[in-house]
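Student: Please take a close look at one part of this structure and describe how it is put together. Then work outward from there to whatever else is worth noting.

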Amino acid sequence: MLLLSAADVSIERGERRLLQDVDLSVASGQVWQVLGANGVGKSSLLRALAGLARFGVEGSISRFEPLLYLAHAPAIKGALSPLENLRCHPACDITSTPAQIAIALDAVQLSGFEDQPVGSLSAGQQRRVALARLLLTDARLWLLDEPFTALDGGGCDWLEECIRGHVSTGGAVVFTSHQPSRFSELQHDLDLANYAVS
Amino acid sequence: MQSVDRPSLSLLTAFGRQFRRHGQALMASLADVANPLLFFFMVVTLFPLGLGPDPQQLASMAPGILWVVALLASLMVSARMFASDFEDGSLEQMALAPHPLSVLALGEVAAHWLATGCLLALVSPLFAMMLGLPPQGLGVLVLSLLLGTLCLTLIGAVGSALTVSIRRGGLLLSLLIIPLNVPVLIFGSAAVTEAVMGRDPSTWLTLMGALAAGMLALAPLAVGAALRISLDS
């Protein structure tokens, strides 16, 4: 089942055209890794796919299902506890009860930190709070911008398992990363070097 | 296709959660809440020093002074209303929520108003007594400030939403919203002056109420649209 399709997408930032004629169709069961050097437009493409950027984006992007977009900025308030951060998440797509959220926090190894202000946790732990959202959402399409950043080895393995699990139940994931490919048989690559404007 | 009957938060719950989120963040940084009150206090103590300690003169100028200082205090805090949400990515997530952005933003604005404008209005009699405002003006002062700061906060929210993505947007913000704040200032200080003189201030208060109601209906739409534009740059 098709979850997202983009055709002839061009992206401009400022006066500069970054990408041209990007075509992408994401169906359930697929994992897409967006590749490219720094500044090539990976994050801009993800923002455009999520529907956040309209100016400077040409071409047609169709989204067939609600999606989850996880940006570089984690949308986490340092003054709030992990539990409150997820319960009152600004995307308003988490309907879980506090008990379910506590289970998700446990899965990202933050049990015991539920009621501490997130600001007092480490960068990796803050990242885990943001990623715990993946366990609570119903969205089938995940757009993840550099999800492996700041995670330790165990965290990366957990995230890999999480993405595999999501894909095996009919979801799909588009993510950017500079890490070597982790999802060998499932994975499709979108190398933005092919679409860069020289 | 599981999308059709996906359970989702009701609009009211979503509004309440944004209110809560922002309120808790504000409560955690008490400095932000105390700042406008401290500013109010300091400026009010400076006026007698500058104008001379004649109680008659101070009392006659008190409504104007109090209102101008309230306006400046509100301007000071509204500049940063959406700044932290913009920086930590919360705004992007709000824009992706299945609910209208204007309603979610209104939840934030409401929490912001309670912590700043509303609090300022409730504390204002203390400052008014420092300036020797006659007691018959106190009630009207509080009422006019309650309505007035609501207007000022909503206007400030529009300005803040428009300038949030601009570095050093503070000056631009002042230029944008001070002209819009002028009617609020005129109605508010006029109401307090009338009450001090022993006349009926209800005309001015009614005008102010109408302004607040109009703002409450229209400003969220402008805030939502402005936030989307700011996110898109």
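Tutor: In chain A, strands E1 and E2 form a hairpin with two residues between them, and A:Gly14 in the turn has a positive phi of about 65°. This is a predicted model. E1(A) covers residues 2–13 and E2(A) covers residues 16–27. The two strands pair in the antiparallel sense, over eight bridges. To place one of the pairs, start from A:Leu4, whose bridge partner in E2(A) is A:Val26.

The hairpin belongs to an open sheet of three strands in chain A, ordered E2-E1-E4, with antiparallel pairing. E2 and E4 (57–63) stand at the edges, and each has a single partner strand, so one side of each is left without a neighbour in the sheet. On average, neighbouring strands of this sheet are turned by 10° against each other, direction ignored. E1(A) is joined to E4(A) by six bridges, and these two strands run antiparallel. Here A:Ser10 stands opposite A:Glu58 in E4(A).

A helix crosses this sheet. H1 of chain A (residues 42–50) lies across E1, E2 and E4 of that chain, and runs at about 130° to E1(A). A:Leu46, A:Leu49 and A:Ala50 are among the contacts of A:Leu143, with neighbours within four places in sequence left aside. The other contacts of A:Leu143 on that basis are A:Leu67, A:Leu68, A:Tyr69 and A:Val174. A:Leu143 is also one of the residues with the most contacts inside the largest nonpolar core, together with B:Leu66 and B:Leu227. That core has 130 residues.

A:Val174 leads to another strand of chain A. Strand E7(A) (residues 172–176) is mostly covered, with five of its five residues buried. Its burial involves both faces: A:Ala172, A:Val174 and A:Thr176 lie on one side, A:Val173 and A:Phe175 on the other. E7(A) pairs in the parallel sense with strand E6 (residues 141–145) of chain A, over five bridges. Four bridges join E7(A) to strand E3 (residues 31–35) of chain A, and this pair also runs parallel. A:Val173 appears in both pairings: A:Val31 stands opposite A:Val173, and so does A:Trp142.

Next, the meeting of the two chains. The contact takes 25 residues from chain A and 29 residues from chain B. On the side of chain B that touches chain A, helices H1 (11–28) and H5 (90–96) of chain B each supply at least two residues. H1(B) gives the largest share of that side, eight residues.

Two further helices of chain B deserve a look. B:Leu173 lies in helix H8 of chain B (residues 170–196). B:Leu173 has 23 C-beta neighbours inside 10 Å and therefore counts as buried, the cut-off being 20 or more. Not counting residues up to four places away in sequence, B:Leu173 touches B:Ala79, B:Gly159, B:Ser160 and B:Thr163. B:Leu133 is 40 residues from B:Leu173 along the chain, and their C-alpha atoms are separated by 32 Å.

Helix H9 of chain B has 30 residues (202–231). At 1.5 Å a residue, H9(B) should span 44 Å, and its end C-alpha atoms are 42 Å apart, which agrees. H9(B) nevertheless bends by about 35° at B:Leu216, and a proline, B:Pro220, follows within four residues.

Methods
Residues numbered from 1 in each chain as written. Chains lettered and ligands numbered in written order. Predicted model: local features only at pLDDT ≥ 70, side-chain atom pairs only at ≥ 80, totals over all residues. Pairing = 2+ DSSP bridges. Expected span 1.5 Å × (residues − 1). Bend = angle between axes of the 7 residues up to and from the residue. Axes fitted to C-alpha atoms, helices over the stretch in contact; angles between N-to-C directions. Contact = placed C-beta atoms within 7 Å. Buried ≥ 20, exposed ≤ 12 C-beta atoms within 10 Å, placed from the backbone. Core = buried A, V, L, I, M, F, W, Y, C linked by C-beta atoms within 7 Å.
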